[in-house]
Amino acid sequence: RASGRLKRAEERAGAEAERGDDEERPELSVAEAERRLAAAKELRAGWESVRAAAAWPDALSWPEWADLVEDKLAPALGAAPDWTLFSTVLDELRSLGEVSARISGGGAERVPRSRMVATLADALAALSHPEGRFGRDGVTILSVASARGLRFPLVIVPGLEEGKFPSRLRQDPLVLDRERRRIAPGRLPLKSERVEEEKLLFAMAVRAAEKRLVLVASRLDESSDRERIPSGFFLRAASAARGAAVGYDGLTAESVPGFRAVRLDRIAPPDTVAAVDESEVRLRLVARDPRALPALALEEPALFAGPLGFDRARWERSLTPFDGRITARDLRAWIAARVGPAAGPVSASRIEDYARCPYLFYLKRVVELEAWDEAAPALAWEPIERGRVVHALLEAFLREFPGPGLRETPAEVLQERLRAVARARIEAARPPGIADLLWEIECDRLLEALERWLGFELERSTQDLDPAFFERPFGRLPGAEDQPAPSVTAGRHRFEFRGRIDRIDLSLDRRRARVIDYKTGKLPASMSGDNGTVLMAGERIQIPIYRSALSVLPEFAGVESIEGEYLHLEVNDGEIRARSFSKEELESAAARLPQMLEIVGDGIEDGVFFARSGGSVFEEHCKWCDFLRVCGKDRVRREERKAGDGAVERFGALAAIDGLERKE
Ligand code: SF4
């Protein structure tokens, strides 16, 4: 096609020449004439190249092809602004030689011309062309993969630390490498080969630098304050710069040309470089003489009030507005009216959130901050979604066999029906974008757990308690008919509850009941066996609230004895584990609940929202917290320093009231 176009251009040029001066033509400026002359020369050179291509060899190695293409095209196109970009494609052609040698384990592969042309065309088609400001002016922040084929005068590659770049090699826990080899030999990528991909990414990042390359390895892990060491890539780059192997100890400005260590505790840039903005000028003044700080604060009080207040608050032993205590009266009143005991019906989970971590409660319930959800293809089923499906399908299945239905129906019929109900619900809930194989694994796991659950239920179906009610609402739920609501008076507060009871089992004479709350995660070690309490220092109050609900719902008026249970369908392990509580345990918990709710109610109304990094149910609950990033890595130190504050000590009484401290 290219040669056809060139030919037509040449013919047109010839025809124009033949027309001579017969037709009227606008006069050309000198500049325009020069531009056309240059274009014509380029056209001619290109044409010559295409002609010469007819005599190109039939097969060469990849590096030889790259050299040949460069030799042929450079005279015509070497001065073009995009030649630099094109030369990255030639670099890629050259590097294919290395790849093919590694695969074949031998000498250079002979590549036919047609294959080279097709590869070149593919690479050119995938080339990203810097448009407008992007890549030409200003700073561009890109992932290494998206910088492919681009060139920049200066490239800075951060994160060259051990375990980060290259990233730590980890097997995919869902499909191990040996399983990948067995499922689709050669077609499923192996995680152990990831190191080669990382090397390629690093090479691409390095090649993107036209004039200057800065590799950065931080010695401090920002998220944990732990020390980090430079990665192998960083050390190899340092070795290349030095011309000899360099270890961690050898990373000094004296032994590695171009190496520079920057101290983290230097708050301002050195005097030898220009300050980029006013804040750097201020920092430089303070770094030179700390007495400049109060002087600057006098000069710009509005700017310095917050940071100086924050700095003072860090060292105080009591809670401050910077770390968990809201002092503004109107703000406290506003919060109390929105989420306090007087705000109307509350769910058990709202109280549990506060008891778990008051700061979490503040971010989630007051600020209504939500976790950022990246729109990416799902790699697994979100636990919360899976939980919803499990609740719905258990309800649908058990509604088909109420009362003695479970006991009286043959096990095979129940199994078949459960599978059918489950399959329909599971398939309708498939997360968008999840791979077939991963989805199959998720479904199999859940079906297996359900089968075990049915076995568990059948085994205990002789206990005189049959499933009778499912998702039974109580209190005032939005969008539903009002139901009687249980309430608890706690000091100056009155809490009115609302919610749904997952399941209520009843005895034949309807005098005994068991309230059940389903969970699809693991039963925490703090609650397994005889560990823990019904209330877990306020972090688990659903069962006692369900018990109170039964006392106000009319159909349970004759019930004399109520037991409770958290029933864990541990889908990932296929285990079914129940944590049951006797009538006496629930009664004792109900007696302790008002005291604990009083502390929660006072805390919310008094604006006490400090961060609590260790929970009663999960000791390291921050690991799963959506707000970990906004909470700050110094939260544990902050918590320790403020432990003597009256409000924090009062909060600590939750565990004491519940008898949890003594048990531990
Ligand atoms: S990260 Fe921990 S301390 Fe911070 S809000 Fe979450 S649970 Fe509370």
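1. In this predicted model, the shell around the ligand divides into eight nonpolar residues, one polar residue and two charged residues. The residues that surround the ligand are Cys357, Tyr359, Leu360, Ala611, Arg612, His621, Cys622, Cys625, Leu628, Cys631 and Arg635. When reading the class counts, note that Cys and Tyr are counted as nonpolar here.

2. Which helices supply at least two residues each to the shell around the ligand? They are α14, which covers 358–366, and α21, which covers 628–631. Leu360 and Leu628 are among the residues that surround the ligand, and these two positions are a convenient place to start when looking at the structure.

3. Where does the ligand sit? The ligand occupies the largest cavity. About 120 Å³ of space lies in that cavity. Of the 15 residues that line the largest cavity, Cys357, Leu360, Cys622, Cys625 and Cys631 are the closest to its centre. Each of these five names also appears in the list of residues that surround the ligand.

4. The lining of the largest cavity can be described by element as well. The elements that give two or more residues to this lining are α14 and α21. The largest share, three residues, comes from α14. By class, the lining of the largest cavity has ten nonpolar, two polar and three charged residues. A student should keep this lining apart from the shell around the ligand, which has its own counts of eight nonpolar, one polar and two charged.

5. How many cavities of 30 Å³ or more does a search of the whole structure find? The search finds six. The second largest cavity holds about 100 Å³ of space. Its lining consists of Thr88, Asp91, Glu92, Ala147, Arg148, Gly149, Leu150, Arg151, Met204, Arg207 and Ala208.

6. Two helices give two or more residues to the lining of the second largest cavity: α4 (83–104) and α7 (194–207). The largest share, three residues, belongs to α4. The lining of the second largest cavity is made up of four nonpolar, two polar and five charged residues. Among the residues in this lining are Asp91, Glu92 and Arg148, and Asp, Glu and Arg count as charged.

7. The second largest pocket has a volume of about 1,100 Å³. Of the 29 residues that line this pocket, the closest to its centre are Leu215, Val216, Ala217, Phe234 and Arg260. Two or more lining residues come from each of β3 (152–157), α7, β4 (209–215) and α8 (232–242). Helix α8 gives the largest share, five residues. The lining of the second largest pocket divides into 23 nonpolar, two polar and four charged residues. Helix α7 is listed both for this pocket and for the second largest cavity.

8. For the chain as a whole, the secondary structure comes to 24 helices and eleven strands. The radius of gyration is 35 Å, well over the 26 Å that the globule rule gives for 664 residues, so the chain is more spread out than a compact globule. The C-alpha atoms fill a box of roughly 110 × 80 × 65 Å along the principal axes.

9. What percentage of the 664 residues in the chain is buried? Buried residues make up 38%.

Conventions:
Residues numbered from 1 in each chain as written. Predicted model: local features only at pLDDT ≥ 70, side-chain atom pairs only at ≥ 80, totals over all residues. Heavy atoms only, no water. Near = heavy atom within 4 Å. 1 Å grid on protein atoms, 1.4 Å probe; cavity = no way out; pocket = protein on both sides within 12 Å on 5 of 7 lines; lining within 4 Å. Sits in = over half its atoms within 2 Å of the grid points. Helix = DSSP H or I, 4+ residues; strand = E, 2+ residues; numbered from the N terminus. Points joined across faces, edges and corners; volume = space filled by probe spheres on them. Rg over C-alpha atoms; globule rule 2.2 N^0.38 Å. Buried < 20%, exposed > 50% of the residue type's maximum accessible area, 1.4 Å probe, protein only.
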